Amino acid sequence: MNSALFHRPKHHALLSMLLGATILMVILAACGSGGGGTTTGNTGPKGCKKIGVLLPESDSSDRWESKDHPLLQQDITTSLPGATVDYYNAGNDATKQQTQAETALTKGDCILVVAPQDASASAAIVAKAKSSNVPVIAYDRLIQSSDLAYYVSFDGVAVGELQGQYIVDHHTKGDNVIMINGSQTDNNALLFNRGALNKLQPLFDSKELNLVYQTFTPDWNNQTAQTEAEAALTQTGNKIQVAYVANDGMANSVIAALKAQNLAGKVVVTGQDATVAGIQNILTGVQSMTVYKAINLEAQATADLVAALSNGTDTASITKGSTTATSTGANIPTVLETPVSVTKANIADTVLKDGYVTKDQICTGLPAGTDTGGICS
């Protein structure tokens, strides 16, 4: 028997198997070449028109729903014609925010804008997005991840310095100071505290001022802030002259604690966010100042970055070489806007002039004769 003839069928069978395997590999490679996988529909940032916006909460400050949400929606769709925005609010729940991010990626969102509820936990969102070739812009609050694409916010240290400087300029020697800081899981709260201490620590060290109580407030919870203020009042026998409070929502709760001890209006109280309630408290004399952050600037810068990513254009003119270091050792391209101190003296020239709040908003419900700033009279 001819051995060559005997082995020919086996040889052809082997060739057929190899050819079939090669064709299968080519087909699989083609199916998986979508830049982010076929299960999510993500195609990477170039040409992206599906944007996921994830905000952290709405209970500690009304800015997230009254300002950030509508401004981001408006500015992204204006700056990137044809874009759609999928919106989520985590309700102060880091686990919920991660689930929302996974939902956004599954729906095919190819750029994420995330204001993290937890600066460290949200690194998992960035990692998940990266695996789908989706860049993440940290909005307002830094995410501690080396894979973060951009960071847009206000200068947090400068915010704290404005608050601290007000206390420096309006204290009496020997005043007792309490510090009600924001949530330790929010990098901004750490920056605000650092900025405030830049101004106040020298006075604490020299005993010009006495730091008698300091705490960080989980989730920026307003009711917790009131409980903290009540504890400080009890601890000091109501001998408090200055209350550094990180934002207006908590300041309003601290003021409630002061009112219960007939101290409202007698204690220097700081705030932040220039909320309607905060401005009203300033006009009635129970809050001393707030920090105005023109959120329209922050939202527009974010929209500009989204459009640049989608269009594949350079972002250098947006970030201007600015970077922010994360705890992971990365330097993230950054846009930082400038905050402004607001007191009774400049309400008209800042938040009212810019239309951030309206006269109707701050005057509605204000008891007659309590407007010490003359805005509503």
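Is K173 buried or exposed? K173 is exposed, with a relative accessible area of 60%. The legends below describe close-up views of a predicted model.

**Figure 1. A salt bridge between K173 and E208 joins two loops.** The closest N and O atoms of K173 and E208 are 3.5 Å apart. K173 sits in the loop between helix 5 and strand 6 (175–181), and E208 in the loop between helix 6 and strand 7 (209–216). The pair links distant parts of the chain, with the two positions 35 residues apart in sequence. E208 has a relative accessibility of 21%, so E208 counts as partly exposed, the cut-off for buried being under 20%. Elsewhere, K50, D86, K107 and D109 are joined into one network by salt bridges that share partners. The structure holds eleven salt bridges.

**Figure 2. R63 forms salt bridges with D68 and with E298.** The contact between the side chains of R63 and D68 is 2.7 Å, N to O. Both R63 and D68 are buried. For R63 and E298, the closest N and O atoms are 3.3 Å apart. Because R63 belongs to helix 2 and E298 to helix 10, this pair ties together parts that are 235 residues apart in sequence. E298 is buried, as is R63.

**Figure 3. The buried residues of helix 2 pack against three strands and a helix.** Helix 2 covers residues 63–79. Its buried residues are R63, W64, K67, D68, L71, L72, D75 and I76. An α-helix has 3.6 residues a turn, so residues three or four places apart point the same way. The packing partners of the buried residues of helix 2 are strand 1 (50–55), strand 2 (84–89), strand 4 (136–139) and helix 10 (295–311).

**Figure 4. The largest nonpolar core has 46 residues.** In soluble globular proteins, nonpolar side chains tend to be buried together. Within this core, I76, I137, Y139 and V351 touch the most other members. The elements that give two or more residues to the core are strand 1, helix 2, strand 3 (111–114), strand 4, strand 5, helix 9 (276–283), helix 10 and helix 13 (359–363). Helix 10 contributes the most, with nine residues. Leaving aside residues up to four places away in sequence, V351 touches A274, I279, Y292, V342, Y356 and V357. A second, separate core of 40 residues includes W220, A232, L258 and V268.

**Figure 5. The largest cavity has a volume of about 110 Å³.** Rolling a probe the size of a water molecule over the atoms shows where empty space is left. The count of cavities of 30 Å³ or more comes to one. The lining of the largest cavity is made of 15 residues, of which R63, W64, R141, W220 and D273 lie nearest its centre. Helix 2 and helix 6 are the elements that give two or more residues to this lining. The lining residues of the largest cavity divide into three nonpolar, five polar and seven charged.

**Figure 6. The largest pocket holds about 180 Å³ of space.** Its lining consists of L142, Y151, F154, D155, G156, V157, N187, L191, R194, T324, A325 and L336. Two or more of the lining residues come from each of strand 5 (150–154), helix 5 (156–169), helix 6 (187–205) and strand 11 (323–325). Helix 6 gives the most to the lining of the largest pocket, with three residues. By class, the lining of the largest pocket has seven nonpolar, three polar and two charged residues.

**Figure 7. D140 and A274 have positive phi values in residues other than glycine.** Phi is near 70° for D140, which lies in the loop between strand 4 and strand 5. D140 has 3% relative accessibility and counts as buried. For A274, phi is near 50°. A274 lies in the loop between strand 9 (268–269) and helix 9. A274 is buried, with a relative accessible area of 0%.

**Figure 8. T338 lies in a loop between two strands.** The strands on either side of this loop are strand 12 (331–337) and strand 13 (340–342). At 63% relative accessibility, T338 counts as exposed. T338 and Y292 are 46 residues apart in sequence, while their C-alpha atoms are 9.2 Å apart in space.

How values were computed. Residues are numbered from 1 along each chain as its sequence is written. This is a predicted model: local features need pLDDT of at least 70, side-chain atom pairs count only at pLDDT 80 or more; totals for chains, interfaces and linings use all residues. Side-chain values use heavy atoms; hydrogens and water are left out. Buried means under 20% relative accessible area, exposed over 50%, partly exposed in between (1.4 Å probe, protein chains only). Helices (H or I, at least four residues) and strands (E, at least two) are DSSP runs, numbered from the N terminus. Contact means heavy atoms within 4.5 Å. On a 1 Å grid over the protein atoms alone, a cavity is a set of points where a 1.4 Å probe fits but cannot get out, and a pocket is an open set with protein on both sides within 12 Å along at least five of seven lines; lining residues have an atom within 4 Å of a point. Grid points are joined across faces, edges and corners, and a volume is the space filled by probe spheres set on the points. Ala, Val, Leu, Ile, Met, Phe, Trp, Tyr, Cys and Pro count as nonpolar, Asp, Glu, Lys and Arg as charged, and the others, Gly among them, as polar. A salt bridge is a side-chain nitrogen of Lys or Arg within 4 Å of a carboxyl oxygen of Asp or Glu. A nonpolar core is a set of buried Ala, Val, Leu, Ile, Met, Phe, Trp, Tyr and Cys residues joined through side-chain atoms within 4.5 Å.
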